[in-house]
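I opened the model at my desk and went through it place by place. These are my notes, in the order in which I looked things up.

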Amino acid sequence: MRRLLAPALTGLLLLAAAAPPATAAPRADAPEAAAAAPLAEAWRPPLSTRGRYVVDADGNRFKLRSANWQGAQGSWNGSGDVDDPASHHDGEKSDQMPLGLDRASVPDLLAGFRALGVNSVRLPFSNEMLHDTRPVPDAAVAANPQLRGRTALQVLDAVVAATTAEGFAVVLNNHTNTSRWCCGVDGNERWNTSQTTARWEEDWLFLARRYREDKRVVGADLYNEVRRNVLDDPNWGLGDDHDWWQASQHLADRLLTEANPDLLIMVEGINWTGLPVDGLPHGRPTLEPVRTLSHTLVRSNKLVYAAHFYGYTGPRHSGATGIGETSDPRYQDLTREELFATLDRQAGFVAADPGTGQHFTAPVWISEFGIGADEGAEKPRAWFRAFVDYLLARDLDFAYWPLLGWTGHGTWSLVNYDARGRRSGVLDGGDWRAADWRRLVEGPGKAGPVAAADTWDMLDLDHADAVQSLRVRASGDWDAGARKGVCPDGQRLAGLAHRDGRGLCTDAGASQLAAPGGVLTVVRDEGQVQQGDWASGYTKYQCPKGQFMIGYSVRGQAVSGALCAAASRALPTDGRTVWFDRGDNRPAGNPGGEFASGNYKGQCTTGEYAAGVAFSHAWARGGVPAALLCRRL
């Protein structure tokens, strides 16, 4: 289920591992060379997000028109002689390097990618490759002799430097643990199937730091197609060693605080759970769990969600033929209307604009999709055309799989090179995919400046702290022994759940309300209650005058404390009590979305700030949040 692409370069001195990126004059004989400068000038790193869009440093939309340049993740099928090309996927032996380095120079490869119209490259890699100290075979870099004697990682360094020097954005993708072709029951099902979670995190920190100074290395795609292994399913939020939500949340925050604060963090949904047998539970959750449990990063404008779709798979179909095949429809079996509705349900909803913000709103990057040039059946071809229509209709970011292959081997790649370095493919006539590809890369979509959008984020204290403020993290533990939730810097607490420690944050109505460097106050008693008894018979933790709630803490289910921040301006003191101990009490339309499914929730409006929380330890009340003091902004 994979292939890939990359962008265009003009002659660059390829670098050793420790060397900084270098530049060189464009090749006079490369027809695409003259276009390289405009690509580099067309956007300014780093990238971030505004609502459902990726934007550059100037606030202009940067749509990821990407392709996958596969190879560094490994190509061995898992059986047979690893040195025999016949034991590798499609007979394309990559030697843990981006494919094609034996057939064409990196400048020529990148020129072909540039002609495709892509502006970014997804570069898969394996953890095994990072630690392999053997030099690559000379034959594997025959068209790039300057790479002889280097390790696979040093070759990746050179490819990354050349690609970004041409103006392309690069997203690194941890595709596999071992250098084996993905994706089945192959020892690479989860980030920690063939290695520990600790090693996975340390490898990512190593790589993010390695490319930190290259600002066009813009993203970290944390792991590819998380799925079931022989015995166990991954999950989204159970707090165990198979919890993909928890693992990706933890690593994302580490990357942004310990390695590179400029990176986009790409998180794919869960690709498969259950046994593909009729009558047993199974399916492809993709991004559906995000509706009720999304990520809140310490830099909340760095999150991109990702999903993969292929016509031969389906929402409950593994893509298998024979063993593992079920009677469920494949995506290519769906009508156009069914396909659009299914894709919206599984992924597109994340980037939809409902008129009010949602805690899960983020760009959606369809980071893999593709089809073979030799596909002759009408149903798969119709699916591909309809899928391109969908990407255009929803204006989603994308990355085709794969970019590059060998002539006479696989047929899914957009460009192919034969043993003599001659190119063929979607650029060169006779490929039925060409018209749809051009529609996709040249199609209309949001461009230019993107207006600032209200941000909504949720806090989940189900299994651990959710202190998402960099300022508060630097201040130390403000309620030792309690589970703590704190909104990202620039946001305020807007809502709480009656039980289980969920919270909702926003900057809607008052962006950057906190005074820079202002006082933080921990409230653990009623000493700050002012302007009357706003929750008679209940214990009230209230912020001092001129402050607002940015966090809370619980012990078990019971309230332990409130965290307040000084405002940058005077705050009104008139307000109301919002009770939610007997049912939801939220503004019309439930702005922010469902942040505590199955629990009562209380929420201030976007024209209010939370100034306090009330609770009771009376019989059967348990000290859980029961009311919020909401005051006018």
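I began with valine 364 and asked whether it is buried or exposed. At 1% relative accessibility valine 364 counts as buried, where buried means under 20% relative accessible area, exposed over 50%, and partly exposed in between, with a 1.4 Å probe and protein chains only. I noted that this is a predicted model, in which local features need pLDDT of at least 70 and side-chain atom pairs count only at pLDDT 80 or more, while totals for chains, interfaces and linings use all residues. Residues are numbered from 1 along each chain as its sequence is written, and side-chain values use heavy atoms, with hydrogens and water left out.

Valine 364 sits in strand 11, residues 364-368; I take helices (H or I, at least four residues) and strands (E, at least two) as DSSP runs numbered from the N terminus. Contact here means heavy atoms within 4.5 Å, and with neighbours within four places in sequence set aside, I listed Tyr305, Ala347, Val350, Ala351, Leu396 and Asp397 as the contacts of valine 364. I also looked up leucine 287, which is 77 residues from valine 364 in sequence and 9.6 Å from it in space, C-alpha to C-alpha.

Next I went to glutamine 346, which belongs to helix 7 (residues 336-346). Its relative accessible area is 0%, so I entered glutamine 346 as buried. Beyond the neighbours within four places in sequence, glutamine 346 is in contact with Arg284, Pro285, Thr286, Leu287, Glu288, Phe309, Pro315 and Tyr331. For lysine 446, 100 residues away along the chain from glutamine 346, I found a C-alpha separation of 22 Å.

I then turned to serine 105, in the loop between strand 3 (65-68) and helix 2 (106-116). Serine 105 is buried, with a relative accessible area of 17%, and its contacts, leaving aside neighbours within four places in sequence, are Ala143 and Asn144. Why is helix 2 largely enclosed by the rest of the structure? Nine of the eleven residues of helix 2 are buried, and so I recorded it as largely enclosed. The buried residues of helix 2 include Val106, Leu110, Phe113, Arg114 and Leu116. Just after helix 2, I found that glycine 117 takes a positive phi of about 95 degrees.

That sent me to the backbone elsewhere. Most residues other than glycine have a negative phi, and most peptide bonds are trans. Glutamate 225, which is not a glycine, has a positive phi of about 45 degrees; I placed glutamate 225 in the loop between strand 6 (217-221) and helix 6 (244-259), and at 1% relative accessibility it counts as buried. Aspartate 500 also has a positive phi, near 75 degrees, and lies in the loop between strand 19 (492-497) and strand 20 (503-506), but I entered aspartate 500 as partly exposed, with a relative accessible area of 33%.

Which peptide bonds did I note as cis? The bond from proline 45 to proline 46 is cis with omega near 5 degrees, and proline 46 is in the loop between helix 1 (36-42) and strand 1 (48-50). A cis bond also joins tryptophan 401 and proline 402, with omega about -10 degrees, and I found proline 402 in the loop between strand 12 (397-400) and strand 13 (404-406).

For the interior, I took a nonpolar core as a set of buried Ala, Val, Leu, Ile, Met, Phe, Trp, Tyr and Cys residues joined through side-chain atoms within 4.5 Å. The largest such core has 113 residues, and Trp69, Leu101, Leu222, Trp244, Leu255, Ile265 and Trp437 are those with the most contacts inside it. Apart from that core lies another, of 24 residues, among them Ala466, Cys543, Phe580 and Val613. I checked leucine 222 and, not counting residues up to four places away in sequence, found that it touches residues including Asn174, Trp200, Trp204, Trp244 and Leu255.

Last, I noted the chain as a whole. The protein chain holds ten helices and 28 strands, and buried residues make up 61% of its 633 residues. Along its principal axes the C-alpha trace spans about 85 × 55 × 45 Å.
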